[in-house]
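Thanks for passing this one along. Here are some notes to read with the model open beside you.

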Amino acid sequence: MFSKNKGKDVAVENKLSKNSNKIPSIISPDVNIVGNVSSEGVIQLDGRIEGEIHVRHLTVGIHGLVEGAIFAEEAIIKGSVTGSIKAQKVILEKTAEVRGNIQHEVISIEAGAVIEGKINHISENVTELAMAKKNVKPSEKLSTEKMVQEK
């Protein structure tokens, strides 16, 4: 009786684990992270990160702030970045402020975005670079101990 459903349960669990990277990690406005952050999924940043970010997809919200380098497959910037961005696809919305160099394969810049730095086209595969953790030590990965909530 239980063995008939066991195969279906395993298939459902595998499907859920594959789709789990589509659920974003949300860093709220009252969170300040000091240290490097890496994720194979999606990060929505409305708080502040001081350190390198290695991620597949990053959205820096209007109130979001990054002080450090971003390595991503796709980076959507609505807030402030002080540091370099290296991504396959970069979208700078009208509220974006970037102070640093941008390396991209595809870029979109809305009128009103502020950029202080060089913009260079690259044709290499940034996905592998985004997920490379050669500079991210295990002790520096995102953990609840590294998160400091400001009130």
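1. A quick inventory to begin with: the protein chain has 2 helices and 14 strands. Helices (H or I, at least four residues) and strands (E, at least two) are DSSP runs, numbered from the N terminus. Please keep in mind that this is a predicted model, in which local features need pLDDT of at least 70, side-chain atom pairs count only at pLDDT 80 or more, and totals for chains, interfaces and linings use all residues. Residues are numbered from 1 along each chain as its sequence is written, and side-chain values use heavy atoms, with hydrogens and water left out.

2. Now for the chain as a whole. Of its 151 residues, 35% count as buried (under 20% relative accessible area, with exposed meaning over 50% and partly exposed in between; 1.4 Å probe, protein chains only). About 9,000 Å² of the protein chain is exposed, and carbon and sulfur atoms supply 51% of that area. Those areas come from the Shrake-Rupley method with a 1.4 Å probe, and for residues only the protein chains shown count as cover. Among contacts (heavy atoms within 4.5 Å) with a separation of 6 or more, 18% are between residues 24 or more positions apart.

3. How are the strands ordered in the open sheet of 7? The order is β1-β3-β5-β7-β9-β11-β13, with parallel pairing. β1 (25-27) and β13 (119-121) stand at the edges with a single partner strand each, so one side of each has no neighbour in the sheet. On average, neighbouring strands of this sheet are turned by 25° against each other, direction ignored; the axes are lines fitted to C-alpha atoms, for helices over the stretch in contact, and angles run from 0 to 180 degrees between N-to-C directions.

4. You can follow the pairing from the β1 edge. Two strands pair if DSSP finds at least two bridges between them. β1 is joined to the parallel strand β3 (residues 37-45) by 3 bridges, with Ser25 opposite Ile43. β3 in turn pairs with β5 (residues 53-60) over 7 bridges, again parallel, and here Ser38 faces His54.

5. Towards the β13 edge, β9 (residues 85-92) and β11 are parallel partners over 7 bridges. β11 (residues 102-109) then pairs with β13 over 3 bridges, also in the parallel sense. Gln103 is a handy residue to click on: Lys86 stands opposite Gln103, and Gln103 stands opposite Asn120 in β13. Ile102 stands opposite Ile119.

6. The largest nonpolar core has 24 residues, and those with the most contacts inside it are Leu58, Ile70, Ile77 and Ile85. Such a core is a set of buried Ala, Val, Leu, Ile, Met, Phe, Trp, Tyr and Cys residues joined through side-chain atoms within 4.5 Å. The elements giving two or more residues to this core are β2 (31-34), β3, β5, β7 (70-77) and β9. Leaving aside residues up to four places away in sequence, Ile77 touches several residues, including Val60, Ile85 and Val98.

7. Is His57, in strand β5, buried or exposed? His57 is buried, with a relative accessible area of 17%. Its side chain makes a polar contact of 3.2 Å with that of Thr59 (a pair of N or O atoms within 3.5 Å; within protein, one must be able to donate a hydrogen and the other to accept it, and residues adjacent in sequence count only if both atoms are side-chain atoms). Beyond four places in sequence, His57 touches Gly41, Val42, Ile43, Glu74 and Ile76.

8. Gly41 deserves a glance too. Gly41 lies in β3 and counts as buried at 7% relative accessibility. Gly41 and Arg56 are 15 residues apart in sequence and 5.6 Å apart in space, C-alpha to C-alpha.
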